[in-house]
Amino acid sequence: MSPRSGWSPVLLVVFCLFVTVCCKFPTLDHIKPKASDKTQGRAVVELLRRLLGTRSPEFLVSVNRSLSNDSLDVCELRSSKNNKIFATGSTGVAVATGIYNYLKYFCNCHVSWSGDQLDLPRPLPRLTGVLRINTRHRFRYYQNVCTFSYSSVWWDWPRWEREIDWMALNGINLPLAFTGQEALWQEVYRALGLNQSEIEEFFSGPAFLAWNRMGNVFKFGGPLPQSWHVNQLYLQFKILERMRSFGMTPVLPAFSGNIPKGILRLYPEANVTRLGPWAHFNCSFSCSYILDPRDPLFLQIGSLYLSQVVKQFGTDHIYNTDTFNEMTPPSSDPSYLSAVSRSVFASMTAVDPQAIWLMQGWLFFSDAAFWKPAQIQALLHGVPLGRMIVLDLFAETEPIFSYTESFYGQPFIWCMLQNFGGNSGFFGTVESINSGPFKALHFPNSTLVGIGMTPEGIEQNPVTYELMSELAWRKEPVNLSKWASLYAVRRYGSTQENLTAAWRLLFASVYNCTVPHYRNHNHSPLVRRPSFRMNTDLWYDPADLYKAWKLIIEAAPSLMSKETFRYDLVDVTRQVLQVLTTIFYQDIADAFQHQKLPELLTAGGVLVYDLLPELNRLLSSDRNFLLGTWLERARSLALDEKEAQLYDMNARNQLTLWGPSGEILDYASKEWGGLMEDYYAQRWGLFVHTLVECLDSGQPFKQDAFNQAVFQVEKGFIYNGRRYPTKPQGDAYEIAHRIFLKYYPQALKRLE
């Protein structure tokens, strides 16, 4: 040790480097939890009561913000004499994360969207000395503007409460809080002089609000009932109160320039651009009106709205808005782009002088042809350095920081996107997420201030989110094979070698996509409109999936009481049948091409009359895979039958046509019981039937004619009025085992 300082020279250098990174942005120093230490501690105690019931008093909780002197969260756990665990941390989130770490690695417990495994040992395992958990990341961000439409649109308070608990346990301290904003916009528009019909012409239906907010669509799926505003506002107040009670910093919405057409009646001189169509929509629901941020009216509307947000919701000073989301700006002149971001930011600081603008970096990737270095730098530098945080939204596959010199000096958050449209289907990029955040941290002149998770939809692939959230608290990448084995043990509360082996196989294959630039839209023919141009590629060897399936099936009899296991048994079997659908599709296509009717009847018959009905039965046997739940949640928010029908249409359309005529067809596909039977299987039935008729009559297959016919089937599903089960039916093991006996030999045969 150096006698003068008490520090070794090496430690001193490391410490100085660390302090430099942390103190680079004094502009962020005012972002602190508003709740008192006592309030945050109480929030964790209540979380533990909800999670652990009568075992919760075995954990003693204390929040002490002075534990951290650099805004970086820390938690310390120790055992007390009477077999209790004492946890103290710098925030409520830090304590919840520390306790979850103990539950995972000392008690083999697990909490997820698809069930919990909480068989706590008695007494609690003792800690020798102090277990210290800390993070190098100031912010741990969660959610995507699309998540509010693809996943949480129909949630009630109990479901939100559960999600915020999950956030706290997984270390999230910067969540997006976008619920209820239309109620405030309605007040602003009324104050400006818009009439009710002009407002109703603007808002989309609930399932499409994410894209209404970003200026992509308007009106479709609407009008929004007044009861919707009341309900969402009530939810937002509870959401914000709970988030803040844990010491989280909720991110609130700000104005992007997207306006109702009615504004032109009131302000005919305003500098407004009408955009072109978005994503195959025509201008009856798209071609939004965008107010130029340099127009004085922008500052007026933006500050009017934000003052309403701050008045109703309070503030933690971080606001999100996205200009030019999937829309090309009218000019590429750097001075114009700087003026735009300067004006957007001015509308925030006019209301909150301490405002920080959080921006999704998606535009730089989605319109890379427009956003060259000069344009990116201009937009970013319109805001003072350190007053904007950029979300590197898809960093596991398309990192932007690495070719923009760390966003030209603006702070950024390295994010895992993982999922598009809330699609079902196994997927992960575990090698990339295991190394990516550490590469970003050590990047020359890195401006990294956090890591995040930005899925468009949740409630799938829980393993990837658990790994990603844990990496925020790790000092180096994990051993993925070992991590996968431990995950299996705690997810099922079982040390069976079959299960750890299965998860190692999955982690090395389907969860490790290394294809450059791969976007995880579920391309499987199973959930796509049938044609002869379907994507049959896989990024993994299905042999690994089949081996894992066999291992999980063999372990099943003794584990069916665990919800987490039942979910994974259904999920892995579903994935296998998704792959086999592609194989039968290829058989169907080959038979038709070679005009072999018997082979076409065989392959088509197996797919339509056995595999798809079996898959529907399998999905219907687990509560996590039910169409009925999604629809019932939507209907439950309605005050009367008219509203219920509107919400039902919204819920069904988003999953299927995504627009009046299939504009973004199957983008938000889900493999759910009920949907499999009445939507996907119906399309495949029509396809096979059409091909058989073509061979019988010697007529060629015409895709356009088929598309018109199948569109009637798709539309028919949206308006079929059928109520689907909200409770699981049948025995998941019995169904999965029957499918295994029938299809495992076939699957192996296809590998030869």
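UniProt annotations may be inferred rather than shown by experiment, and that applies to the two feature spans used here to get around this predicted model. The record, an unreviewed entry, puts "domain: Alpha-N-acetylglucosaminidase C-terminal" at residues 483–742. From the same kind of unreviewed entry comes "domain: Alpha-N-acetylglucosaminidase tim-barrel", placed at residues 140–475.

In secondary structure, the C-terminal feature, residues 483–742, comes out at 63% helix and 0% strand. For residues 140–475 the figures are 41% helix and 12% strand. As for the ends of each span, the C-alpha atoms at either end of 140–475 sit 15 Å apart, while those of 483–742 sit 33 Å apart.

The domain assignment cuts the protein up in its own way: domain 1 covers 26–134, domain 2 takes in 139–478 + 486–502, and domain 3 runs over 541–750. Between domain 2 and domain 3, the C-alpha centres are 32 Å apart. Across that boundary, 44 residues of domain 2 touch 41 residues of domain 3. Putting the two together buries about 3,600 Å², with 62% of that coming from carbon and sulfur atoms. On the domain 2 side, the residues that give up the most area to domain 3 are Trp154, Phe426 and Tyr492, which together account for 22% of what that side buries.

Next, a bit of local strand pairing. Strands in a sheet are held to one another by backbone hydrogen bonds, in either a parallel or an antiparallel arrangement. Here, three strands make an open sheet in the order E10-E12-E11, and the pairing is antiparallel. Strand E10 (258–259) and strand E11 (272–274) are the edges, each with a partner on one side only. E11 and strand E12 (residues 289–291) run antiparallel and are linked by three bridges. In that pairing, Arg274 faces Tyr289 of E12.

Cysteines are the next thing to check. A disulfide is a covalent bond between two cysteine sulfur atoms, and a search of the whole structure turns up one. The partners are Cys283 and Cys287, with sulfur atoms 1.8 Å apart. The torsion about their S-S bond is about -65 degrees, so the disulfide is left-handed. The two ends sit in different surroundings as far as exposure goes: Cys283 is partly exposed because its relative accessibility is 38%, whereas Cys287, at 1%, counts as buried.

Why do Cys415 and Cys513 stay unpaired? For Cys415, the closest cysteine sulfur belongs to Cys146 and is 13 Å away, which is too far for a bond. For Cys513, the closest one is in Cys415, at 19 Å, so that pair is also too far apart to bond. The cut-off for calling a disulfide is a sulfur pair within 2.5 Å. Cys415 is buried, with 0% relative accessible area, and Cys513 is buried as well, at 6% relative accessibility.

Finally, a look at Gln181, a residue of helix H6 (residues 181–192). Is Gln181 buried or exposed? Its relative accessibility is 4%, so Gln181 counts as buried. With neighbours within four places in sequence left out, the contacts of Gln181 are Arg213, Pro253 and Tyr305.

Note on methods: Residues are numbered from 1 along each chain as its sequence is written. This is a predicted model: local features need pLDDT of at least 70, side-chain atom pairs count only at pLDDT 80 or more; totals for chains, interfaces and linings use all residues. Side-chain values use heavy atoms; hydrogens and water are left out. Helices (H or I, at least four residues) and strands (E, at least two) are DSSP runs, numbered from the N terminus. Two strands pair if DSSP finds at least two bridges between them. Buried means under 20% relative accessible area, exposed over 50%, partly exposed in between (1.4 Å probe, protein chains only). Contact means heavy atoms within 4.5 Å. Domain bounds come from an automatic or database domain assignment. Buried area is the accessible area (1.4 Å probe) that two parts lose on being put together, summed over both.
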